[in-house]
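Reader: I am new to reading protein structures. Could you walk me through this one step by step?

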Amino acid sequence: MQVSIIIINYNTFQLTSEAVESIIRHTHGVSYEIIVVDNASTECDPGLFAQRFPTIKLVRNPDNSGFAKGNNLGIRHAIGETILLFNSDAACLNDAVTLTYQELMADAKLGLTTARLEYPDGRVQHSCGRFPSIKLQMIELLRLQKVMSAEQRAHILQGAFFTYDKPLYPDWVWGTYYHLKREVIDKMPGQQLADDFFMYAEDLQWSYTVRKLGYTIKYVPEARVMHHFSQSTKKEKRLNQGNMILQNEDIFLNREYGWATTKAYYLAKMANFFLLRGNPEHRKLMLQQYGKMLRGKPL
């Protein structure tokens with residue numbers, strides 16, 4: 001088996017079904033299995049997945065243990081030489097699985113590949129980035145990106161500065177479509193993905209570990225995946241999500257960078273937000289949030 005595709009379902013039966021259907025419709029160049037891990041959904045009986053798709057593996061998690069733990073549960077049931085984490089709100093637009101698998105296996109130093117993620121209307125999502133750093137914050141603070149060429153900005157800053165029309169070797173990528181060699185997971189602590197975060201920022205931690213193990217990460221633009229990435233989430237829920245992301249990033253930064261570097265990074269972020277033009281409400285909120293983290297206060 002070349003690819004084990006793991007999808008976490010939590011009360012998203014229709015979206016998850018569409019994700020499975022898209023994989024089956026478009027994947028032709030590799031042998032694969034689909035593992036749906038249900039995180040104690042209450043929407044409907046998870047057994048409906050097995051009825052609708054008799055060839056998949058259905059793993060029932062008795063608890064909603066989160067995204068990372070759910071994926072580790074799926075990995076324990078996987079037999080593929082590569083592991084593809086695939087969001088339940090995503091769908092293949094072409095044979096992305098074969099394309100990222102071929103790239104992954106063509107280079108011994110490559111540990112992780114990802115695809116081009118698109119909104120339903122075709123706009124690209126900025127899914128590749130650099131690890132947080134004081135250096136990058138200072139570049140933006142001093143507005144040095146304004147004197148760089150477009151190619152330099154794309155290479156150095158990535159994120160929204162990259163056009164996503166060519167291959168790229170980023171520091172980290174979103175967990176929406178996360179195609180790993182099994183050997184990489186086997187070298188991680190406990191031979192599994194870090195799962196101390198319930199949700200959000202785990203892909204940052206995983207990518208950091210992939211890079212620490214000596215592997216590279218590649219963005220494959222030919223592989224295309226639609227990602228709903230709801231933009232209509234209520235304001236209160238968006239704030240809670242933002243707080244969780246910042247809290248998890250704080251844990252990651254302190255663990256990997258140390259206390260002093262983390263505090264200096266927060267000071268640089270605050271300086272950037274202080275000078276930021278645009279939405280004053282967002283600017284004020286982010287200054288408050290980073291100020292709290294700088295002082296070690298809960299969000």
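Reader: What is the order of the strands in the open sheet?

Author: Happy to help, and keep in mind that this is a predicted model. The sheet is open and holds 8 strands, with mixed pairing. Its edge strands, S3 (57-61) and S5 (90-92), each pair on one side only. Reading across, the order is S3-S2-S1-S4-S9-S6-S10-S5.

Reader: Which residue in S2 is the bridge partner of isoleucine 7?

Author: Let's start with the strands themselves. S1 covers residues 3-9 and S2 covers residues 32-39, and they pair in the parallel sense over 7 bridges. In S2, the bridge partner of isoleucine 7 is valine 36.

Reader: At about what angle does helix H4 run to S9?

Author: Helix H4 spans residues 96-106 and lies across several strands, including S1, S4 (82-86) and S6 (110-118). Strand S9 (177-181) is also one of those that H4 lies across. The angle between H4 and S9 is about 35 degrees.

Reader: Why is helix H8 described as largely enclosed by the rest of the structure?

Author: Helix H8 packs on the sheet, where it touches S4, S6, S9 and S10. A residue is called buried when its relative accessible area is under 20%. Among the buried residues of H8 are Leu204, Trp206, Tyr208 and Val210. H8 (residues 202-212) is largely enclosed because the buried residues number 9 of the 11.

Reader: Which glycine takes a positive phi just after H8?

Author: Look just past the end of H8, where a glycine has a phi of about 95 degrees. That residue is glycine 214.

Notes. Residues are numbered from 1 along each chain as its sequence is written. This is a predicted model: local features need pLDDT of at least 70, side-chain atom pairs count only at pLDDT 80 or more; totals for chains, interfaces and linings use all residues. Side-chain values use heavy atoms; hydrogens and water are left out. Buried means under 20% relative accessible area, exposed over 50%, partly exposed in between (1.4 Å probe, protein chains only). Helices (H or I, at least four residues) and strands (E, at least two) are DSSP runs, numbered from the N terminus. Two strands pair if DSSP finds at least two bridges between them. Contact means heavy atoms within 4.5 Å. Axes are lines fitted to C-alpha atoms, for helices over the stretch in contact, and angles run from 0 to 180 degrees between N-to-C directions.
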